[in-house]
Amino acid sequence: MANARDVKRSESEIPHHVSRTVGFSLSPNMSFHSSPSSFGASNLTQAAASAAAKHLKPFATEDIKILLLENVNQTGRDILAEQGYQVEDVHVIGIRSKTKLTARVLKEARNLIVIGCFCIGTNQVDLHYAADHGIAVFNSPFSNSRSVAELVIAEIIALARQLGDRSNEMHSGTWNKVSSKCWEVRGIIGYGHIGSQLSVLAEAMGMSVIYYDVINLMAMGTARQVPTLEVLLAGADFVSCHVPELPETRNMIGYQQFEQMKDGGYLINASRGSVVDISALIQAMRTGKIAGAALDVYPHEPTGNGDYFNNNLHPWCTDLRALKNLILTPHIGGSTEEAQSAIGVEVGQALVRYVNEGTTVGAVNFPEVNLRSLTMDEPNHARVVFIHRNVPGVLRKVNEALSDHNVDKQMTDSRGDVAYLLADISNVDTVTIKDLYERLECLSSRIMTRILY
Ligand SMILES: NC(=O)c1ccc[n+]([C@@H]2O[C@H](COP(=O)([O-])OP(=O)(O)OC[C@H]3O[C@@H](n4cnc5c(N)ncnc54)[C@H](O)[C@@H]3O)[C@@H](O)[C@H]2O)c1
């Protein structure tokens, strides 16, 4: 299928609307000239009399791309644009977890059609505002599942052999050759993307796997689902949590659950910090009920690197840090080069599919809508993308607008207040596309119209 072009606002934008976001380039028409600093200004003035100042500029000025958000004044835009820099009202923004796209920021990005979060979480984006203004948001929730599963496997072995403590002792010069409480490993919990990956890796190492999940899920290999959390806790040497952060999973492992675990069992949490009651864990480890634990996530986590894991962060930090056979890692479960690369591919492809084909599969704030691709045998077809308020009577009006065309296929779905419609129509040219675009734009329910052809 040829790349679709995108009609969004006016006829003049029809042929280039999307390609402009990636290829639009202004020729440099001025070289960069920095104003003299106050320091040495008089010397510069004197020097200028004898030698003309050299105007410095980047080698390829048009390669300098500037994204201005938050209503930067036009004067600033003009100065930058005059240099030949690409000052863009972007259609697509790619961020990771640190950039906050609040309603205030998004309000200024008037051409924005989609945001790619090249990370797992999306709480840095105001998803509701974005949906309400026709901006789809994509992320990559499962690209690092394998990385987390591998970390957990490493931790199971390290805990069972008390590797952290033995290594620390050797670093401080102590030879302490012990074998008590060093178990042969057996048993795991959890069965989503990460839990099931972990199940496969654990079985490959010869462990037997039991899992508990709120829904019935097909077992990988010879793993076995158990009916309740209690049964799992009583039967597993290693309990590894891989559940989402939900009201139901808050403190899912607390005092009572530690009591239900095997004596000398182990706990691993690489899911969300709220899932384990840390005070209960500290007590269970102090009494020896729990022989070891590994934590990768915490109820509150520092926003940057530094000496922040102390009692200012959590009142129990000092107590926790003092425990033996406890592996503490700073939320690195998914942090591998492979995971980052997979995230790049997943989000990059989702953005291309959305921009070129209007597909919302995987969007976190839109209903998921997809249509089979148009083919090269359908050269005069166009795809209508109509994002609208989810109110009665819209489809009748949209179909009135489409009624002059043969609608090959059409799909619509809604999520909350926002609905998303895709329709492929045949035998269109740029004039009819413009007419159709304008008719749809006039509908009171309209949030955003795009036509891809
Ligand atoms: N440490 C890290 O770096 C890292 C990286 C990625 C994901 N995570 C976290 O790991 C967790 C699991 O991720 P995933 O991709 O496997 O999620 P997932 O959605 O694929 O799987 C979660 C599973 O938990 C089950 N579940 C939900 N509520 C439950 C309950 N009350 N009791 C039992 N099971 C329940 C669901 O049915 C589902 O099968 C998430 O909290 C995620 O945020 C951590």
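This tour moves from the whole protein chain to one sheet, then to a helix packed on it, and finally to the ligand.

The model is predicted: local features require pLDDT of at least 70, side-chain atom pairs count only at pLDDT 80 or more, and totals for chains, interfaces and linings use all residues. Residues are numbered from 1 along each chain as its sequence is written.

**The whole chain**

Begin with the protein chain in full, which holds 15 helices and 16 strands. Helices (H or I, at least four residues) and strands (E, at least two) are DSSP runs, numbered from the N terminus. Of its 453 residues, 33% count as buried, that is, 20 or more other C-beta atoms, placed from the backbone, lie within 10 Å of the residue's own. Contacts are pairs of residues whose C-beta atoms, placed from the backbone, lie within 7 Å. Among contacts between residues at least 6 apart in sequence, 63% join residues at least 24 apart.

**The sheet**

Next, select β9, β10, β11 and β12, which form an open, parallel sheet in that order; two strands pair if DSSP finds at least two bridges between them. At the edges lie β9 (238-241) and β12 (326-328), each pairing on one side only. Neighbouring strands of the sheet are turned by 10° against each other on average, direction ignored. Axes here are lines fitted to C-alpha atoms, for helices over the stretch in contact, and angles run from 0 to 180 degrees between N-to-C directions.

Now restrict the view to β10 (residues 265-269) and β11 (residues 290-295), which are joined by 5 bridges. Asparagine 269 is opposite leucine 295 of β11.

**Helix α11**

Add residues 278-286: this is α11, which packs on the sheet and touches β10, β11 and β12, its direction making about 145° with that of β11. Highlight Ile278, Leu281, Ala284 and Met285, the buried residues of α11. Viewed down the helix axis, they fall within an arc of 115° and so line one face of α11; the arc is that of the directions from the helix axis to the C-beta atoms. Their cover includes α10 (255-260), β10, β11, α12 (317-321) and β12. After α11 comes glycine 288, with a positive phi near 85°.

**The ligand**

Finally, select the ligand and the 29 residues that surround it, each with its C-beta atom, placed from the backbone, within 6 Å. The closest are Gly192, His193, Ile194, Gly333 and Gly334. Helices α6 (145-160) and α8 (193-204) each supply at least two residues of this shell, and α8 gives the most, with 3 residues.

Methods. Two residues are in contact if their C-beta atoms, placed from the backbone, lie within 7 Å. A residue is buried if 20 or more other C-beta atoms lie within 10 Å of its own, exposed if 12 or fewer, and partly exposed in between; C-beta atoms are placed from the backbone.
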